[in-house]
Amino acid sequence: QVHPVESGGGLVQAGGSLRLSCAVSGIIFPINVMAWYRQAPGKQRELVAQITPSEVIDYADSVKGRFTISRDNAKNTVSLQMNSLKPEDTAVYYCNARELISPWRNSWGQGTQVTVSS
């Protein structure tokens, strides 16, 4: 089984920073696209950032220039450095691992709460 486990959420004031980490077991990490999603109350889950095995990176427009995604294939981890946080960044953040070869598993962590106060 695939187990993404997030850590690093919490409460921070607007303008502050947080770093989220996700450790994944049960997969061949280098063949997975790793991503961070978030879901705010009453809203759909949305992609925040993703990084491919070759480290091609995409960000949501709302976080460009403030968030940085990175991966460590040796440690099976993916991180999200979040700077200049805004109240609208408040959400549950989920780690996602998507395999690029069979069995094409798409796995989610349990989520970690990020709350940004104004």
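These legends go with a set of close-up views of a predicted model.

**View 1. The nonpolar core and the strands that feed it.**
Start with the largest nonpolar core, which has 28 residues. If you want landmarks, pick out Trp36, Leu80, Met82 and Tyr93, the residues with the most contacts inside this core. Seven strands each supply at least two of its residues: β3 (18-25), β4 (32-39), β5 (46-51), β7 (67-72), β8 (77-82), β9 (91-99) and β11 (112-117). As background, nonpolar side chains in soluble globular proteins tend to be buried together.

**View 2. Zooming in on Met82.**
Here we follow one of those landmarks outward. Leaving aside neighbours within four places in sequence, Met82 is in contact with Gly16, Ser17, Leu18 and Leu20. Met82 also meets Arg66, Phe67, Tyr93 and Val114. Of these partners, Tyr93 turns up again among the core residues with the most contacts.

**View 3. Gln50 in strand β5.**
Now for a side chain with an amide at its end. Gln50 sits in strand β5 and counts as buried, because its relative accessible area is 16%. Not counting residues up to four places away in sequence, Gln50 touches Val33, Met34 and Ala35, then Val56, Ile57 and Asp58, and also Ile69 and Arg98.

**View 4. An aromatic cluster around Trp108.**
Tyr37, Tyr94 and Trp108 form one aromatic cluster, and the count of aromatic pairs comes to two. In one pair, the ring centres of Tyr37 and Trp108 are 4.9 Å apart and the planes sit at 65°, so the arrangement is edge-to-face. That pair links distant parts of the chain, with Tyr37 in strand β4 and Trp108 in strand β10, 71 residues apart. In the other, the centres of Tyr94 and Trp108 are 6.5 Å apart with planes at 85°, so this pair is edge-to-face too. Tyr94 belongs to strand β9 and lies 14 residues from Trp108 along the chain. How do the three rate for burial? Tyr94 is buried at 14% relative accessible area, Tyr37 is partly exposed at 21%, and Trp108 is partly exposed at 34%.

**View 5. What else Trp108 touches.**
Stay on Trp108 in strand β10 and look past the rings. Not counting residues up to four places away in sequence, Trp108 touches Pro4, Tyr37, Arg45, Tyr94, Cys95 and Asn96. Asn96 is worth a look: its C-alpha atom is 4.7 Å from that of Trp108, though the two are 12 residues apart along the chain.

**View 6. The loop between β9 and β10.**
This loop holds a few oddities. The peptide bond from Ser102 to Pro103 is cis, with omega near 10°, and Pro103 lies in the loop between β9 and β10. Trp104, in the same loop, has a positive phi near 55° despite not being glycine. For reference, most residues other than glycine have a negative phi, and most peptide bonds are trans. Trp104 counts as exposed at 57% relative accessibility, while Ile101 counts as partly exposed at 44%. Ile101 is also placed in the loop between β9 and β10 (106-108). Together, Leu100, Ile101 and Trp104 make a nonpolar surface patch of about 320 Å².

**View 7. Another positive phi, at Glu55.**
Glu55 is not a glycine, yet its phi is positive at about 70°. You'll find Glu55 in the loop between β5 and β6 (57-59). With 48% relative accessibility, Glu55 counts as partly exposed.

**View 8. A salt-bridge network centred on shared partners.**
The whole structure has five salt bridges; this view shows some of them. Side chains of opposite charge can pair when their charged atoms come close. Glu46 bridges to Arg38, with the closest N and O atoms 2.7 Å apart. Arg38 also meets Asp89 at 2.9 Å, N to O, joining strand β4 to the loop between β8 and β9 across 51 residues. Asp89 pairs with Arg66 as well, at 2.7 Å; Arg66 comes from the loop between β6 and β7, 23 residues away along the chain. Arg38, Glu46, Arg66 and Asp89 are thereby joined into one network through shared partners. Arg38 is buried at 5% relative accessible area and Asp89 is buried at 0%, whereas Glu46 counts as partly exposed at 34%. Arg66 is buried as well.

Technical notes: Residues are numbered from 1 along each chain as its sequence is written. This is a predicted model: local features need pLDDT of at least 70, side-chain atom pairs count only at pLDDT 80 or more; totals for chains, interfaces and linings use all residues. Side-chain values use heavy atoms; hydrogens and water are left out. A nonpolar core is a set of buried Ala, Val, Leu, Ile, Met, Phe, Trp, Tyr and Cys residues joined through side-chain atoms within 4.5 Å. Buried means under 20% relative accessible area, exposed over 50%, partly exposed in between (1.4 Å probe, protein chains only). Helices (H or I, at least four residues) and strands (E, at least two) are DSSP runs, numbered from the N terminus. Contact means heavy atoms within 4.5 Å. Patches are made of residues with over 30% relative accessible area and no salt bridge: like charges are joined within 9 Å, nonpolar side chains (Val, Leu, Ile, Met, Phe, Trp, Tyr) within 5 Å. Accessible areas come from the Shrake-Rupley method with a 1.4 Å probe; for residues, only the protein chains shown count as cover. A salt bridge is a side-chain nitrogen of Lys or Arg within 4 Å of a carboxyl oxygen of Asp or Glu. Rings of Phe, Tyr and Trp (its six-membered ring) pair if their centres lie within 6.5 Å; planes under 30 degrees apart count as stacked, over 60 as edge-to-face and the rest as tilted.
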